[in-house]
Amino acid sequence: MIGLWGACSNGGVIAAALSFGLALMVLAASFGHISGVHFNPAVTIGVLIAGEIQPVMAILYVVMQLLGGQTGKFKE
């Protein structure tokens with residue numbers, strides 16, 4: 001909700017980026033101990049670049065995240 005507010009406000013690109021970043025930070029602080037903070041492929045790639053995950057696991061995470069996103073689109 002915070003990210004959408006920033007994207008729809010007249011704050012421009014900076015407000016949108018900061019609001020989505022804030023929303024991701026809150027999610028990471030709230031659920032990071034459960035999920036390992038892998039909420040989307042961008043986060044997983046960042047963790048890979050930081051050297052905190054093996055490349056094979058990062059590829060598997062990204063593939064599963066993309067499949068989950070596609071599956072979530074088809075609700076009835």
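The side chains of His38 and Thr44 are joined by a polar contact of 3.1 Å. A polar contact is a pair of N or O atoms within 3.5 Å; within protein, one must be able to donate a hydrogen and the other to accept it, and residues adjacent in sequence count only if both atoms are side-chain atoms. The model is predicted: local features need pLDDT of at least 70 and side-chain atom pairs count only at pLDDT 80 or more, while totals for chains, interfaces and linings use all residues. Residues are numbered from 1 along each chain as its sequence is written, and side-chain values use heavy atoms, with hydrogens and water left out.

**His38 and Gln65**

His38 sits in the loop between α2 and α3. With a relative accessible area of 15%, His38 is buried; buried means under 20% relative accessible area, exposed means over 50%, and partly exposed lies in between (1.4 Å probe, protein chains only). Neighbours within four places in sequence aside, His38 is in contact with Val43, Thr44, Val47, Ile53, Tyr61 and Gln65, where contact means heavy atoms within 4.5 Å.

Gln65 belongs to helix α4 and also counts as buried, at 18% relative accessibility. Not counting residues up to four places away in sequence, Gln65 touches His38, Phe39, Asn40, Pro41 and Thr44. Asn40 has a role at the start of helix α3 (residues 41-49) as well: one of its side-chain oxygens reaches to within 3.2 Å of the backbone nitrogen of Ala42.

**The helices**

The protein has 4 helices and 0 strands, and from the N terminus on its elements run α-α-α-α. Helices (H or I, at least four residues) and strands (E, at least two) are DSSP runs, numbered from the N terminus.

Helix α2 (residues 12-35) bends by about 50° at Ala29; the bend is the angle between axes fitted to the seven residues ending at a residue and the seven starting there. Ala16, Ser19 and Gly32 are buried in α2. Leu27, also in α2, touches Gly32 and Phe39 when residues up to four places away in sequence are not counted. Leu27 and Val37 are 10 residues apart in sequence and, C-alpha to C-alpha, 8.0 Å apart in space.

Two glycines that follow helices take a positive phi:

| Residue | Place | Phi |
|---|---|---|
| Gly36 | just after α2 | about 75° |
| Gly51 | just after α3 | about 85° |

**Surface and totals**

Val56, Met57, Leu60 and Tyr61 make a nonpolar surface patch of about 350 Å². Patches are made of residues with over 30% relative accessible area and no salt bridge; like charges are joined within 9 Å, and nonpolar side chains (Val, Leu, Ile, Met, Phe, Trp, Tyr) within 5 Å. A salt bridge is a side-chain nitrogen of Lys or Arg within 4 Å of a carboxyl oxygen of Asp or Glu. Leu60 is in helix α4 (residues 55-73) and is partly exposed, with a relative accessible area of 46%. Tyr61, another member of the patch, is among the contacts of His38.

The protein exposes about 5,800 Å², of which carbon and sulfur atoms supply 73%. Accessible areas come from the Shrake-Rupley method with a 1.4 Å probe; for residues, only the protein chains shown count as cover. Of the 76 residues in the protein, 16% are buried. Among contacts between residues at least 6 apart in sequence, 12% join residues at least 24 apart.
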